[in-house]
Structure formats: C-alpha cells, structure tokens
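Open the model in your viewer and keep the sequence panel visible. The tour goes from one selection to the next.

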Amino acid sequence: MMSSSNGTAVRLTGVSKTFPGYVAVQNISLEVRTGAFLSVVGPSGCGKSTLLNMAAGLLQPSEGTVEIFGEPLNGINRSAAYMFQQDGLLPWKTVLGNIMLGLELRSTDAKQAAQRAQSWVRRVGLAGFADRYPHQLSGGMRKRVAMAQTWIVDPAIVLMDEPFAALDVHTRMRMEGEILTLWAETGKTVIFVTHDLEEAIALSDEVVVLAAGPASRVVGVYPVDLERPRNLIDIKTDARFVEIYGSIWRDLREEVLKSYERDQRA
Amino acid sequence: MSATKGRNKVPMFVWQVLLGTVLLLTWQAGVSAGLLDKFFFSRPSDVLGRVGQMLVTGTVWGHLATTLLEAALSFLIGVTAGVLFGFVLARNRFLSRLLDPYIRVANALPRVVLAPIFLLWFGLGIWSKVALGVTVVFFIVFFNTFQGVREVDPVIIDNARMLGASERQLIRHVLIPSALTWIFSSLHISIGFAIIAVVVGEYLGSSRGVGYLISQSEGVFDTTGVFAGMAILAGVVLAVGLLVDRLERYLFQWKAQESSRVKGEVA
C-alpha cells in the first residue's frame, strides 16, 4: 500500500469541476511527489479549496481523474487527513476526546487510543488542557487540537486548507514552525492551500500557482530550493527567498489583478 | 462564570422571594379590606390551608399520580415519535418536502379541539389524555430534532468523514449529539406542555386527575379549591423543570452558557 519515496502520492489528470452556473477549475493536471510539501496559491475564488476537496474525495471531479498512490480515487480518500480552514472540532468532546476521534472511529482499542491521544496532547503543547472543551480554548489552541486530530491517524497525505488564516501573525508563525517539524519527523506528503505567497514559499518544496477563477487552471509550478531545516523567523529576508518570491509574484500578480478586476465588475 | 454565581445569586433569590411575598400579601390584604370579593378570588391563606389539607389527608395524591402518569406517557411517546420523525425527515429531503404542508396544517390545529374526538376514540380513561399530550409534545420535539440535525456544521461532518466515520458512525458521533442540544432545549417546554395538555383533557372529561379536581371545585363555585389545584400543578411543573435543568447541566457541560433556543409552536 505504501509507496516508495520517489513515487507520486497524488496525481490529478485533466481535472475539471463544474458547479451549477459556473466552472470552478478547468483541465488541471498536477503531480505531488510522495513526501513533498506542496503549496497551492492563487487569488481568492480561484478554486484552491475545490482542488483540495477533490483530492480528499469530498467532491467528485466533473471530468478527469484523481489518483492516490497510483490507484483511482473512489469516494473518501482513506490515505488522507484534512485540516480545514475552520476547524471541525466536536464541541461536545474534550480536547482529548477530539484528538482521539479518528482512532475511535477506526475502532482502536480505547485504552491504547487514549494513551496515544495523551501523547499528542503533549506534543502539540496542550498539556493540562486535555479536559477542556473547544469553546474554552483560544483560536491557536483549537488549531493545535485540529492538528493533533489530523496527524494522530497517521495519514500518508495531509491536506490543509488555509489552516492558519484566522490566526494572528505570531501564533501563525509558531504553528507554521510546528507543522514543518511534524512534517520533517514523519515524512508525510502535504498539500497546503493558502493565499499567502510568503507562507507558501517559506514552507514548501514546490509552489503551484492557480489562475484567477472562474475556470481556473495551473499557471505554473515553481520549485523552492531553500535549505532545510528552515528558520521561519529570518527566512523572509534571505536573498534566495526574495529571488524566488520575485519570480513567482510576477506570474501571480497578473492573476490577482484579474480577479480584482472581476470583483470590480461584479 | 463563578463570579456571577458568587456575587449575584443569593441577592437575586432574596429579591425574587420578596416580590412573591409582596404580591401574595397584596392579594390577602385586598380580600381582607373588601376590595376583592372573597367568593371569586378566595385568599392566599385559605388556598395554602387547602393545599396543606389536601396533601395531609392524601385526597390529592391519587389524582396527582394519575395526572403525572398521563403526562409521563404522553411525554415518552411524544418524544420518541418526535425524535424519530425529526431524524428521518431531516435526513430525507424528498420525504420532508412531501410532508411539509401536512405537518404545517397539523401543527396549526389548536390541540384543544382534538380533545372531544379523543374522548370519543379513547374513552374517559387515561388514554384520551395521553393522546392529547402526545399531539403537543410531538410537534415541539419534532421541529427541534429536525432543526438540530439540519443545522449541524457541514465542516464538522466533513471532518468526521475524513477521519474515517461511516454513515452509522456519523449519526452516532455527530448528528445525535448535535441534535440532542436542540431536543433538550425543547424538553423544558414540552414537559410543561405535556402536563398542561393532560390537565385540559381531564378538565374536559374524566373521573380522575388534578384537572378533574379543578373542574369539580369549579362546579360547586369553590374558588379556593380551583386555586389549590392550580398551586399544586404549578409546584409540580416547577419541580420537574428543575430536574430537567439538573440533567441538562450535567449532559451539556461542554457548552458555553447561552440562552436556550426553542423552536416550534405550542397549543
């Protein structure tokens, strides 16, 4: 089931998605190497989330195919976990209960599940908060719970949809650092959707730029050859970072302007 | 949370008792001063004496037991049916749209007009009252369950599905707990209304129950008896409400304190 380190984790071939009244994405082909950290950026409304939902199996493409480790995807993608923009924590479960949820659903032995969840509670820095309910937590803490909730089920692929968009700058930078550490420790494949190009470059091996919607397509795929491990605090002033940023922004800029004009017309 | 409890609870309780005392004393004084006719308004002291007498001699217990049995039965049947229907209709768009106009019509019907027909169908015993109670409880619980299942945050559902939930697990881990908060906020109201409905049923035709007692007193112009029956009923509804509060607080520790939201019209 597990693929070799140089295989392809996710492959989209000629994928389009049409909703009643408009085309969200059109003829998108994309390959995500196993173990890679890939970001998808694009102006708002360009179908980034649609793309992610198709990789997750929550949406079926209207045309084209989605393959996961070489197998065509049918229904929910069982090798992926998904961290949503707004966390989907169950308000009636404690931090521990929420983190355990995935294990519980897979009927893992309750005692073992609780133990593993406890270790994740510590790992995401929530020791002492295991018995709290989501409404008692700050935005950053909820994200940590969501992070543990997705990573505990040990998925081969982690999908993230602007998970830190709602956080303040400092909390966000810390969470980004934690994601990178987790990723480096576990070697999972990550698809990270964001509208923030700096965030995308700082985290990724590869950045995919999507065109302005509707009927969005891939504008370009840009490798990011910055060294790892990365120091997220200083990376944005690194000369190579600035260079990469400049070259991607040239393309992204036009798409942003297009989507801006589109919104003005609307 | 604890600050409001520590600082405000005791004084407010005192104020509340004070308000009640003032109202009762005014009533009492009004009758004594001849401003209120004792024949029509009785007196708090008389009512209290009558309630005490009824409780001590035990004449009321049998009637109270009948009323509570009827209310409990209509509550159980109404909640079960309401939750089941609410769940099925919330999950089945075709059925819910098909039945929508009929449910509206049925709910628009004043329940009291059903009492005579239930008397004919189910007789003077407890079942005609239970039937009336069910028609009230069912709709309250039905609407709240329906809403509760429909209003589940789609992100929570997607999240659970991505974490591996099957359809059945989704119902158990997400839909039921989510609907429960709505169902529970409807229980407060529906318990009270179950009691009211069966008392109305008893009042309209029966040989037992608190409603029967009240109607008997009314028949002989015994206002003290009517008020005593009312007082006993109010006490019971209040006690049951407190029990539900307790249960709710225990079950919904996870929830931020907020005002209860209840949907659905009542008789």
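Which residues of strand 8 of chain A lie on one side, which on the other, and are they buried or exposed? This is a predicted model, in which local features need pLDDT of at least 70, side-chain atom pairs count only at pLDDT 80 or more, and totals for chains, interfaces and linings use all residues. Residues are numbered from 1 along each chain as its sequence is written, while chains are lettered from A and ligands numbered from 1 in the order in which they are written.

Select residues 189–193 of chain A, which form strand 8. Thr189(A), Ile191(A) and Val193(A) are on one side, Val190(A) and Phe192(A) are on the other, and all are buried (20 or more other C-beta atoms within 10 Å of the residue's own, with C-beta atoms placed from the backbone). Strands here are DSSP runs of E, at least two residues long, and helices are runs of H or I, at least four, numbered from the N terminus.

Next, add strand 3 (residues 37–41) of chain A, which pairs with strand 8 in the parallel sense over four bridges; pairing takes at least two DSSP bridges. Val40(A) has Val193(A) as its bridge partner.

Now add strand 7 (residues 157–161) of chain A, joined to strand 8 by five bridges and also parallel. Here Ile157(A) is partnered with Thr189(A). To follow the chain from strand 7 to strand 8, select helix 5 (residues 169–186) of chain A; this β-α-β crossover is right-handed (with the strands pointing away from the viewer, the path from the first strand over the helix to the second runs clockwise).

Conventions
A residue is buried if 20 or more other C-beta atoms lie within 10 Å of its own, exposed if 12 or fewer, and partly exposed in between; C-beta atoms are placed from the backbone.
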